[in-house]
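This report covers selected helices and backbone details of one chain. Please keep the sequence and the structure open while reading.

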Amino acid sequence: MAATTPPPKVIFEHEGVFIHSNTEELDDQDSLISGFLRIVDKDGDVIVEYKPLEDTVDPSNMLCACKDSSSVVEWTQRPHRSVDQQLSYETEWDMVNTVSFKRKAHTNGEGGSNHLHERNKRSFSFNVADLRSVTVKCEGWSYLIFCLRDDTTLPAIHFHQGGSQAFLDSLRKSVQLSESPDDENLFLVGAYSKAFSQSFENLLDDTNYGLVQKFKKDPYTTTLGGFSKVTNYFFDAFRPSESECQQRPAEEMADILGELIPGLEINQQEEPGFEVITRIDLGTRPEVQRREPVMLENWAKHQDSEGRLSNVPHLKHLIFKGGLCHAVRKEAWKFLLSYYPWDSTHEERKNLQKRKTDEYFRMKLQWKSVSEEQEKRNSRLRDYKSLIEKDVNRTDRTNKFYEGLDNPGLILLHDILMTYCMYDFDLGYVQGMSDLLSPILYVMENEVDAFWCFVSFMDQMHENFEEQMQGMKTQLIQLSTLLRLLDLAFWNYLEAQDSGYLYFCFRWLLIRFKRELHFQDVLRLWEVMWTGLPCQNFHLLVCCAILDSEKQKIMDRHYGFNEILKHINELSMKLDIEEILIKSEAIYMQIKNCKDLPHSVSEILGLNTVTDSSTLETSEYGVLESPQSSPRPAHRQDQAFSNGHGLLQETSRNRCKVAFIS
């Protein structure tokens, strides 16, 4: 019996997309050709198709879900909703309009050819692998222009009824879209490497092939679940044979890596604009001492009669040097995470908490009130919910706060993460976020307080979890720069073992050492880092301190690529947080005392900040520190956090490339 060809899988479909046959008469209805746009997966090939409605003869091709405009009407017709409730929960409208509804699968999907349809010049289809760029413009509505790699420019398609962003989001699942440096309206297409995919296919006989397949679909999940093996295959997937290595120049290998992780810039040779750095004598590394944690009595001494905290720089310094005793954490973390302003009174904090409680439960009501029928038409919400339920059930289950069946801590974890999806629906939920929330909820023991502290932490960590992984790319580059400065011989050794890109530090950076340290040590490290002392990107110096402790063993035992990965992965739960913090601070002091510090390193650590001294106090580290933290800004993109993401935006227009010469 002959095998039946499976029908194409519809990834995206939207009706009411127009082509203007007469671009000069936009108001002329006769010049508007209405059609539907869809993305289909046919036997592994992803095809974009546009067809005018007159070309459609099979009614099964029509959308079975409501259009964007009617979805709002349907939402308002839900029973048992008063007018006051509708006005109070306007954020629900945004949630409904941003979700993607499930479409009926087509039974007669056609494959795409890379030219205009023969029946009608207004129809077209193409394989996304042949797409060079997408131009996105707006004239009261959005319209897109596709340019193929053979220089064919297709007719502009106009989204009079919305849907362009949903289309681009679906397209990003198959190709990488990056904004052109010369035109903010132009998105360049970088398809996934065929050579890279083929390298994965060559691993079919390996017992761990399933792990690699998971990595292709979700690098975060697989990295967290089987880090050492994933990184090994991640490298092997793009590492050529020995003979190829001898023939392939370094810059070509950099191109392969850049294609594998779009946006990752790897400089293999000196170019104009490089800051050439010779080997630098950093001098002797000073000795530093840790102190006792801040106790309740000491914390209370920094508050006036109305509850305002005084001498905040000194208080942050005490926290940095010794951390907090657990009894202080519940209150202190709210200040460290900018939930409470440092200069607020007891009464102001009480009113703030009341407002934030109301805001939280309005957002929680959004997903709690979604009916089963609505959820069936909201694939993104279903996916978020499924992933959250899966992750919550395996997050810190050995901790007494989360152990056992029907644990209320797990319910709170689930509800906070679901509500965060309403707070930031574009990001939603990505695996690893439950690891960041768990310690915060453990300390707060309160759903609302934990949520808003988590929101602030995610403002810092947001770029780590975005699809383009820009935060991770930036941090790996910065970490490599610091390590080369601190120990060029060790960095050269790693480079010789194909480990110079430091991918084995990926999990450290992604979730801030959450799975490398014991739970109580995580609390200590995080509160130290949240002080913002002694510099920005202090967590990168923590990475350097760990590597500094392990470098001799790695080099003496002549570890190669696989052994380095295995060794780093096996450090989990074997690290001493106090020793790490001592060495991290000593490294900072050593770098700070260097007279000829490279400009790029100063940029990474924020050592060249120029600020009005009349409003800032200078700590013992020489870091300018505000006596009172300003309220948390409304837009995370404009905030400069200690993880360096703000620094990336500040310096991206005029990047300083670095070359080290031994």
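In this predicted model, helix H18 meets helix H23 through Asp435, Leu436, Ser438, Pro439, Ile440, Tyr442 and Val443. On the H23 side, the residues in contact are Phe519, Gln520, Val522, Leu523, Trp526 and Trp530. H18 spans residues 433–444 and H23 spans residues 519–530; their axes lie 11 Å apart and pack at an angle of about 95°. An angle of 65 to 115 degrees counts as roughly perpendicular, and H18 and H23 are therefore roughly perpendicular to each other.

The loop between H23 and H24 contains Pro534. The peptide bond from Leu533 to Pro534 is cis, with omega near -5°.

Helix H24 covers residues 538–556, and 14 of its 19 residues are buried. At 1.5 Å a residue H24 should span 27 Å, which agrees with the 28 Å between its end C-alpha atoms. H24 also bends by about 45° at Glu550.

Three residues have a positive phi, as listed below.

| Residue | Phi | Location |
|---|---|---|
| Glu445 | near 55° | loop between H18 and H19 |
| Phe513 | near 65° | loop between H22 and H23 |
| His558 | about 55° | just after H24 |

Of these, Phe513 is buried, with a relative accessible area of 1%.

In helix H4 (residues 164–171), the buried residues include Ser164, Phe167, Leu168, Ser170 and Leu171. These cover an arc of only 160° around the axis, so they sit on the same side of H4.

Key. Residues numbered from 1 in each chain as written. Predicted model: local features only at pLDDT ≥ 70, side-chain atom pairs only at ≥ 80, totals over all residues. Heavy atoms only, no water. Helix = DSSP H or I, 4+ residues; strand = E, 2+ residues; numbered from the N terminus. Expected span 1.5 Å × (residues − 1). Bend = angle between axes of the 7 residues up to and from the residue. Buried < 20%, exposed > 50% of the residue type's maximum accessible area, 1.4 Å probe, protein only. Arc of directions from axis to C-beta. Axes fitted to C-alpha atoms, helices over the stretch in contact; angles between N-to-C directions. Parallel < 35°, antiparallel > 145°, perpendicular 65-115°, else oblique. Contact = heavy atoms within 4.5 Å.
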